[in-house]
Amino acid sequence: MDHSFRIRKGLYLLFLFSLSGVVCVSIHYSLPEEKKSGSLVANVLKDLKLGLGELSARRAQLVSKSKKQYFQLDTRSGNLFVNDKIDREALCGKMEPCLLLSEIVLQNPLTIYNIETEIKDVNDNSPEFSKNEFELMIPEQVPASTRFPLETAQDADLGENSIQNYTLSPNENFQLEIRSARGGKKYLDLVLKKMLDREKEAHVRLTLTAVDGGVPQRTGAAQIKINVLDANDNFPEFTQSEYIVSLKENTPRDTLVLKVEARDLDFGSNAEITYSFHQVPEEISQLFYLHQTTGEITILGPIDYEKETSFDMDIKATDGGGLSGHCKVLVEIEDENDNAPEISVISITSPVAEDSPVDTSVMLFSVTDQDSGDNGRTSCSMEMNLPFLLKSTLNNYYQLMIQSPLDREKVPEYNVTITATDQGSPRLTARRTIRVLISDINDNSPVFEKSKYEMQVWENNIPGLLMGSVHAVDLDEEQNAKVTYSLVPGNASGAPAASYISINSETGNLYVLRSLDYEQIKEFQVAVRASDGGTPPLSLEVVVRVVILDENDNAPFFLYPLQNSTSPCNELVPKSVEAGYLVAKVVAVDGDSGQNSWLSYELLKATDPALFSIGAQNGEVKTRRPLTERDTNKQRLIILVRDNGHPPQTSTATLNILPVDGFSDPYLNIASVSHEASEEDGSLTMYLVICLAAVSFVFLICIIVFVVIKVHKKESSFITALPQFPPALPEIPENSVDSQSGSLSRTYQYDVCLAGGSLSSDFRFLRPLIPVFSMGDPNISENHRISSISQETPDQAEGQKQRVQVLNNGLSFDF
């Protein structure tokens with residue numbers, strides 16, 4: 001029945017081991033005590049059937065179950081050596097067998113090998129008596145066969161090396177008798193063979209020798225001095241031959257354990273009893289105190305269940321006549337929950353990579369409790385809300401496992417507090433905090449501070465000018481967080497982006513490589529890439545919009561009269577005109593934009609400054625008073641145009657005005673413009689057509705730009721309706737300007753009348769057919785019309801008149 005139960009129990013244990021996934025194997029060694037440090041115990045590779053180097057590869061750990069590490073394991077060779085000299089008597093005392101428990105823990109997979117090392121006793125201790133001399137008081141009338149208990153010798157060795165026999169020196173009165181009690185303990189009795197006669201011999205001396213069974217044999221001796229007393233025929237007798245009492249460990253000092261009592265039927269001094277310990281180890285005399293008179297046994301020293309679970313003592317009661325009686329006292333110690341669990345870390349992995357998979361083992365530790373029963377049963381837990389969990393294995397081993405993904409950027413380290421609690425009452429708890437560091441991997445791309453950058457730079461800049469900088473941040477650390485910047489290959493306005501700007505790879509500063517011209521390129525975009533230093537590197541791109549700001553670097557240019565022309569520009573004016581007559585319209589343009597292209601006109605120099613004026617905004621040259629006979633036949637005007645930049649740019653043009661009586665007067669043609677007689681009629685007409693076409697083109701561009709701006713600026717408070725172009729007004733304000741291009745754009749109708757046989761053309765400016773659109777006055781009336789004024793002479797009426805009209809943006813020629 002017992003054999004079947006053991007088989008069933010073994011199968012259950014094997015089944016539990018297979019469920020836990022941990023292999024547990026036990027091996028047994030024996031070793032004599034007193035071996036020197038470094039002595040070879042065994043080679044575990046052979047016994048465990050492991051390959052060479054497997055212990056190192058699997059991170060083998062030798063874990064001692066005792067407080068002292070008596071062995072050391074060479075993980076390379078597999079040899080198990082003695083780490084410190086082992087004294088079996090100090091380690092186990094009388095316990096047999098004396099076992100040192102160790103465990104070899106292998107990881108990947110987790111395997112636990114239990115090692116039981118039995119420490120064999122050697123005969124290194126001689127028997128010893130507590131005294132060198134024992135004194136006995138024996139009355140002379142004691143009958144033969146009376147027994148007198150003697151104290152046995154103590155030998156720290158066990159088995160054959162312990163005390164095997166006692167001998168008594170030869171004498172005629174006494175013999176030695178050895179009795180074996182429960183548990184194999186020996187008791188000595190000195191047996192009286194022949195009654196004593198005090199008158200013949202008052203003192204008897206004997207030698208008691210204890211002999212062990214070791215090789216070589218060791219002995220110990222003590223002298224027995226026997227004093228023969230007068231008759232005392234009653235021995236003290238205890239009320240109980242054996243006392244059994246239970247005592248809790250850690251009971252305070254001076255606590256009463258037990259009171260023994262002996263009685264003697266004699267009287268007087270022969271009935272006065274004193275109590276004493278008999279044949280007890282020194283340890284008992286240090287822990288318990290026996291009162292000589294009352295027989296009360298009290299606690300003298302600390303009682304620890306983990307050191308000794310029971311105490312067996314012999315109490316001796318002696319009367320005044322020297323007679324004594326004996327009893328046994330057994331004190332059984334009850335365990336108290338006085339030892340908190342102990343947490344021992346076997347191995348730990350720190351730092352842990354943040355991309356470690358779930359169920360990765362971070363730490364292996366064990367929990368032990370020196371108490372017994374429920375007081376020694378432990379449970380282990382840890383705080384919640386951590387990406388770790390505890391996994392229990394065998395023999396109170398635990399693994400700290402990863403249960404959810406780690407992210408170093410959120411939590412770079414964890415302080416894991418492990419709590420071990422026993423099942424005693426009250427429960428005792430032990431805590432240990434383990435710091436687990438998380439190592440970084442390159443899992444974060446650099447992030448720019450802005451989703452899009454816009455930088456401004458003035459045109460005509462100095463090459464190498466710092467334009468601005470971009471900045472990106474990487475949440476990783478060290479090399480993974482080191483950000484470098486570069487330009488993404490590509491074109492900007494038809495040219496490689498690298499030809500316009502460069503970037504500092506470390507700081508992200510952007511530099512302009514060449515001087516920019518607003519009139520050629522107004523803006524461009526480049527892409528900047530930020531890459532980290534991880535493996536593989538991660539990167540992110542951002543668009544940088546570079547806006548070129550306009551400078552006033554272009555002087556106004558006259559379209560009419562044409563600037564830098566080799567031929568002078570002449571205008572014919574009838575002498576009969578009144579004040580306010582429109583003589584001509586000066587047209588100029590500026591290559592800049594914004595207020596840099598806002599133009600204003602002024603009369604810089606004139607033959608007669610009081611005769612003509614020019615509109616500051618529209619460039620219209622008008623008469624200030626009627627012409628008189630005193631005025632010269634040729635008026636020379638130098639006109640200056642100035643833009644609104646800082647500093648302003650200016651240009652000048654010359655306009656000749658010829659007052660005449662009639663456009664067909666031959667004299668006028670010969671006298672006033674004789675130096676121009678050689679100019680062909682078609683040359684002037686061509687220049688006029690070119691000038692007016694240019695003005696019309698500029699006007700069209702301005703209208704297109706205006707519409708585009710209106711579409712892109714929906715939040716603007718300007719009127720979004722398309723402008724209405726009404727017929728021209730008789731009088732146009734001088735402050736009506738084109739807000740987009742900065743120059744006036746008007747279309748005029750010209751009537752040119754040529755007399756038959758005339759070598760030159762007489763022409764004059766009439767009022768414009770289409771007004772300039774003004775942003776300040778969008779509600780111009782549409783009910784006005786311009787009438788062309790024609791002045792004809794009688795000579796012109798008589799001649800054959802040929803009229804040719806060329807319509808181009810409201811331009812009409814009459815020949």
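In the predicted model, Ser651 is located in strand β51, which spans residues 650-660. Its relative accessibility of 7% places Ser651 among the buried residues, because the limit for that class is under 20%. A polar atom of the Ser651 side chain lies 2.4 Å from the backbone oxygen of Pro556. Pro556 also appears among the contacts of Ser651 beyond four places in sequence, together with Ala555, Phe558, Gln563, Ile639, Leu640 and Val641.

A second buried position is found in strand β6 (residues 99-106), which contains Glu103. The relative accessibility of Glu103 is 3%, and the residue therefore counts as buried. The side chain of Glu103 is joined to that of Asn395 by a polar contact of 3.3 Å. When neighbours within four places in sequence are set aside, Glu103 is in contact with Gln61, Leu62, Val63 and Lys65, with Ile112, Tyr113 and Asn114, and with Asn395 and Tyr397. Tyr397 is also touched by Lys391, whose further contacts outside four places in sequence are Tyr398, Gln399 and Met401. Lys391 belongs to strand β28 (residues 388-392) and is partly exposed, at 39% relative accessibility. Although Lys391 and Leu364 are 27 residues apart along the chain, their C-alpha atoms are separated by 9.6 Å.

Strand β49 (residues 620-623) pairs with two other strands. Strand β45 (residues 582-585) runs antiparallel to β49 and is joined to it by three bridges, with Ala584 standing opposite Val621. Strand β48 (residues 612-614) likewise pairs with β49 in the antiparallel sense, over three bridges, and here Phe612 is the bridge partner of Thr623. Five residues separate the strands in the hairpin of β48 and β49, where Gly619 takes a positive phi near 70°. Within β49, Glu620 and Lys622 point one way, Val621 and Thr623 point the other way, and all of these residues are buried.

The loops that flank this hairpin are linked by a salt bridge between Asp608 and Arg625, in which the closest N and O atoms are 2.8 Å apart. Asp608 lies in the loop between β47 (599-606) and β48, and Arg625 in the loop between β49 and β50 (635-643), so the pair ties together parts that are 17 residues apart in sequence. The two partners fall into separate accessibility classes: Asp608 is buried, with a relative accessible area of 19%, whereas Arg625 is partly exposed, at 24%. Elsewhere, salt bridges with shared partners join Arg147, Glu177, Arg179 and Asp189 into one network.

Side chains of opposite charge can pair when their charged atoms come close. A search of the whole structure finds 22 salt bridges. One of them is formed by Arg435 and Glu413, with a distance of 2.8 Å between the closest N and O atoms. This pair links distant parts of the chain, as Arg435 is in strand β31 (residues 429-439) and Glu413 in strand β30 (residues 413-422), 22 residues apart. Glu413 is partly exposed, with a relative accessible area of 32%. A further salt bridge joins Glu454 to Arg545, and its closest N and O atoms are also 2.8 Å apart. Glu454 lies in strand β33 (residues 452-458) and Arg545 in strand β42 (residues 539-549), so this pair ties together parts that are 91 residues apart in sequence.

A nonpolar patch of about 580 Å² is present on the surface, made by Phe697, Leu700, Ile701, Ile704, Val705, Val708 and Ile709. Phe697 is placed in helix α7, which comprises residues 681-712. With a relative accessible area of 53%, Phe697 is exposed, because that class begins at values over 50%.

For the protein chain as a whole, eight helices and 53 strands are assigned. Of its 815 residues, 43% are buried. The accessible surface of the chain comes to about 43,400 Å², and carbon and sulfur atoms account for 51% of that area. Among contacts with a separation of 6 or more, 68% are between residues 24 or more positions apart.

Technical notes. Residues are numbered from 1 along each chain as its sequence is written. This is a predicted model: local features need pLDDT of at least 70, side-chain atom pairs count only at pLDDT 80 or more; totals for chains, interfaces and linings use all residues. Side-chain values use heavy atoms; hydrogens and water are left out. Helices (H or I, at least four residues) and strands (E, at least two) are DSSP runs, numbered from the N terminus. Buried means under 20% relative accessible area, exposed over 50%, partly exposed in between (1.4 Å probe, protein chains only). A polar contact is a pair of N or O atoms within 3.5 Å; within protein, one must be able to donate a hydrogen and the other to accept it, and residues adjacent in sequence count only if both atoms are side-chain atoms. Contact means heavy atoms within 4.5 Å. Patches are made of residues with over 30% relative accessible area and no salt bridge: like charges are joined within 9 Å, nonpolar side chains (Val, Leu, Ile, Met, Phe, Trp, Tyr) within 5 Å. Accessible areas come from the Shrake-Rupley method with a 1.4 Å probe; for residues, only the protein chains shown count as cover. A salt bridge is a side-chain nitrogen of Lys or Arg within 4 Å of a carboxyl oxygen of Asp or Glu. Two strands pair if DSSP finds at least two bridges between them.
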